[in-house]
Amino acid sequence: MANDFIRRPGLRPAALEKEALMTESMLGRRSAPIEHTLTAAEIRAYADAVGDPNPLYRDPDAARRAGYRDVVAPPTAAAIFMLKPVMALATDPELSLDVARLVHGDQAYEFARPLVAGERLAVTGEIVEAYARAGHLFVVVATEARDAAGEVVVRGRSTLVIRGGGSQ
């Protein structure tokens, strides 16, 4: 990514060097594992918030008849726990990111299986890309949630945009 700065006219070499060092120093930074137990109440509240009446998200008996041990989480409910390590990294004082200028730019999840109430998860994040473009700083965080057996159940990727955080 540092080579992108070299090709852009109008930047001072010192600004280029500072920006390249800043983004390169972010790469590989990891959050500590964050524990989260997914509850039926969270799943119901999330389903209510998105207006999804699916009984698999609300009725344990309906979920059991469908082959699950408890209510199932809507796929996007992964945001309940997958954004925790992203925000832990965004607010890491050593990175000095200006969270007042932070915009959540993108989010994607990949599931190994459906999540059900009672899941105990350990969620981690790692900065895998950091670059400046058009005057903004982009930080990409890869996340994963592992179940109690240590199996990855969800992988995610979030792009944070720090408005005005990069060179013009």
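Two strands count as paired if DSSP finds at least two bridges between them. With that in hand, let us walk through this predicted model, starting with its strands.

**Strand pairing**

β3 (120-133) is a good place to begin. Eleven bridges join β3 to strand β4 (residues 136-146), and the two run antiparallel. On its other pairing, β3 is linked to strand β1 (residues 34-37) by four bridges, again in an antiparallel arrangement. Within that β1 pairing, I34 stands opposite V123 of β3. Towards β4, R133 has H136 as its bridge partner. The hairpin of β3 and β4 has two residues between the strands, and one residue to look at here is A134, which takes a positive phi near 50 degrees.

**Two residues with positive phi**

A134 has a companion in S96: each is a residue other than glycine with a positive phi. Here they are side by side.

| Residue | Phi | Loop | Relative accessibility |
|---|---|---|---|
| S96 | near 55 degrees | between α5 and β2 (102-111) | 61%, exposed |
| A134 | near 50 degrees | between β3 and β4 | 54%, exposed |

Why do these two count as exposed? The cut-off for exposed is over 50% relative accessible area. S96 counts as exposed because its relative accessibility is 61%, and A134 because its value is 54%.

**The nonpolar cores**

Now for the interior. The largest nonpolar core holds 18 residues, of which I43, F81, M82, L115, A145 and V154 touch the most other members. The elements giving two or more residues to this core are α3 (40-50), α5 (79-90), β3 and β5 (152-162). Its largest share, three residues, comes from α3.

What does F81 touch, leaving aside residues up to four places away in sequence? The list is H36, L38, L115, L121, V123 and A145. Two of these, L115 and A145, are also named with F81 among the members of the core that touch the most others. V123, for its part, is the residue that stands opposite I34.

There is also a second, separate core of 14 residues, which includes L95, L97, I127 and L137.

**A stacked aromatic pair**

Finally, the rings. The structure holds two aromatic pairs. One of them is formed by Y131 and F138, whose ring centres lie 5.1 Å apart with planes at 5 degrees, so this pair is stacked. The cut-off behind that reading is planes under 30 degrees apart. Both Y131 and F138 are buried.

Notes:
Residues numbered from 1 in each chain as written. Predicted model: local features only at pLDDT ≥ 70, side-chain atom pairs only at ≥ 80, totals over all residues. Heavy atoms only, no water. Core = buried A, V, L, I, M, F, W, Y, C linked by side-chain atoms within 4.5 Å. Buried < 20%, exposed > 50% of the residue type's maximum accessible area, 1.4 Å probe, protein only. Contact = heavy atoms within 4.5 Å. Phe/Tyr/Trp six-rings, centres within 6.5 Å; stacked < 30°, edge-to-face > 60°.
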